[in-house]
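Q: I'd like a close look at one part of this protein, with the backbone laid out step by step. Here is what I have on screen.

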Amino acid sequence: SRPVKLASCWLVEFVLQLDEATQVPLTLECHPEWAPKGAARFRELVESGYYNGCRFHRVVPNFMAQVGICGDPVLYSQWASKRIDDDAAKTSNARGTVTFATSGPNARTCQVFFNLVDNSFLDDQGFSPFARVLADGMEVVDKIYGGYGEGAPKGRGPEQGRIKAEGDAYLASLPKLSYIASAKVVA
C-alpha cells in the first residue's frame with residue numbers, strides 16, 4: 001500500500017538481516033493518531049538506536065513476528081522498566097500492522113510484533129496498532145526466520161528469559177534468527 005499523507009505520520013526505515021547473506025529494507029508508516037503513546041515510545045526507541053541488532057525472537061506462523069529484546073541485558077532492563085499506559089485500539093490488528101506486545105494492562109515496554117495475518121481478535125485485548133508495513137514489505141516480513149518456533153513451553157524456540165538475562169551470549173546459539181541491522185526515522 002502507498003503512504004498516507006497525514007501531517008502526523010512519519011516513516012521508519014529498517015534494514016533487516018534475514019539470513020547471513022540477505023539484507024533488505026523495510027519501511028513502516030507510523031500513525032500517532034492510532035496509538036499516541038505507542039507511537040511516541042516506538043519513535044523514542046528507534047531514535048535511541050535500541051532496535052539496532054535486535055533479533056526476531058518469536059515467530060509464530062499464521063500469527064506474528066516479534067522483536068524487541070535487545071542483546072544487551074542492562075539496556076533491555078532499562079527500557080523494560082519504563083512501562084507505558086495502553087492506547088485504545090483505533091485500528092484493527094490487520095496483516096501488516098505493528099503493535100506493542102504486552103504482559104497485561106498498561107505494561108507495554110519495548111517489544112513489538114508484526115501481524116502476519118488478520119489478528120482482529122486482539123483488538124479488544126489491549127493490542128493497539130501504531131504502524132503499518134508499506135508497499136510490498138510484507139513479502140520481506142514473511143521471510144523472517146521462524147524455524148525455531150514458539151518459545152518454551154509451547155515450542156523449541158528462543159527462551160525470552162534467557163535473552164533478557166544473557167543477551168547476545170545466548171543469542172549466539174541461535175544463529176539463524178533474523179534481525180534488525182538498523183532502524184531510523186526517515187520522515
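In what order do the strands of the open sheet come, and is the pairing parallel or antiparallel?

A: Keep in mind that this is a predicted model. The open sheet is made of 8 strands, and you can read across it as E3-E4-E6-E5-E7-E2-E1-E8, with antiparallel pairing. At the edges sit strand E3 (56-60) and strand E8 (179-185), each with a pairing partner on one side only. On average, neighbouring strands in this sheet are turned by 25° against each other, direction ignored.

Now zoom in on strand E2 (residues 22-30). Its antiparallel pairing with E7 runs over 3 bridges, and Leu 28 is a good spot to look, since Val 133 in E7 stands opposite. Helix H1 (residues 36-48) lies across E2 and E7 too, along with strand E1 (10-19), E5, E6 and E8. Against E1, the helix runs at about 60°.

Follow the chain on from strand E7 (129-133) and you get into the loop that leads to H3, where you'll find Ala 135. Ala 135 isn't a glycine, yet its phi is positive, about 55°. Ala 135 is also exposed, with a relative accessible area of 54%.

Asn 106 has a positive phi as well, near 55°, and is likewise not a glycine. Look for Asn 106 in the loop between strand E5 (97-100) and strand E6 (112-115). Asn 106 is partly exposed, at 36% relative accessible area.

One last backbone detail: the peptide bond joining Ala 152 and Pro 153 is cis, with omega about 5°. Pro 153 is in the loop between helix H3 (137-141) and helix H4 (160-166).

Conventions
Residues are numbered from 1 along each chain as its sequence is written. This is a predicted model: local features need pLDDT of at least 70, side-chain atom pairs count only at pLDDT 80 or more; totals for chains, interfaces and linings use all residues. Side-chain values use heavy atoms; hydrogens and water are left out. Helices (H or I, at least four residues) and strands (E, at least two) are DSSP runs, numbered from the N terminus. Buried means under 20% relative accessible area, exposed over 50%, partly exposed in between (1.4 Å probe, protein chains only). Two strands pair if DSSP finds at least two bridges between them. Axes are lines fitted to C-alpha atoms, for helices over the stretch in contact, and angles run from 0 to 180 degrees between N-to-C directions. Contact means heavy atoms within 4.5 Å.
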